[in-house]
Amino acid sequence: MAQIKITQVRSIINKPAYQRRVIKSLGIHKLYNSVVKEDNPSVRGMIARVQHLVKVETVNN
């Protein structure tokens with residue numbers, strides 16, 4: 001499967017608890033921290049919930 005790189009670009013301060021939980025469950029710990037995940041519907045759903053806080057790029061293998 002394809003992989004995607006997810007980078008947090010906005011702070012989670014004063015954001016709702018569900019958005020903070022989604023960022024944590026993606027494995028992002030700090031601002032401008034990136035993680036590489038498999039591109040699947042569950043990860044895409046999490047990204048959709050916090051799309052205003054993250055930047056998504058495809059990773060070439």
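Begin by selecting K5 in this predicted model: its bridge partner is V36, which belongs to β2.

Next, widen the selection to strand β1, residues 3–8, together with β2. The two strands run antiparallel and are joined by 5 bridges. In general, strands of a sheet pair through backbone hydrogen bonds, in either a parallel or an antiparallel manner.

Now add β3 to display the whole sheet. It is an open sheet of 3 strands in the order β2-β1-β3, and the pairing is antiparallel. The edge strands, β2 (34–38) and β3 (54–59), each pair on one side only. On average, neighbouring strands of this sheet are turned by 25 degrees against each other, with direction ignored.

Turn then to the helices. Select residues 41–49 to show helix α2, which lies across β1, β2 and β3 and runs at about 25 degrees to β1. Select residues 17–26 for helix α1; this helix also lies across β1, β2 and β3, running at about 75 degrees to β2.

Within α1, show the side chains of Q19, V22, I23 and L26, which are buried. Look down the axis of α1: the buried residues fall within an arc of 100 degrees and therefore line one face of the helix. With the surrounding elements displayed, these buried residues of α1 can be seen to pack against β1, β2, β3 and α2.

Rotate the view to the face of α1 turned away from its buried side, where R21 and K24 are exposed.

Finally, select G27, just after α1. This residue takes a positive phi of about 95 degrees.

Technical notes. Residues are numbered from 1 along each chain as its sequence is written. This is a predicted model: local features need pLDDT of at least 70, side-chain atom pairs count only at pLDDT 80 or more; totals for chains, interfaces and linings use all residues. Side-chain values use heavy atoms; hydrogens and water are left out. Two strands pair if DSSP finds at least two bridges between them. Helices (H or I, at least four residues) and strands (E, at least two) are DSSP runs, numbered from the N terminus. Axes are lines fitted to C-alpha atoms, for helices over the stretch in contact, and angles run from 0 to 180 degrees between N-to-C directions. Contact means heavy atoms within 4.5 Å. Buried means under 20% relative accessible area, exposed over 50%, partly exposed in between (1.4 Å probe, protein chains only). The arc is that of the directions from the helix axis to the C-beta atoms.
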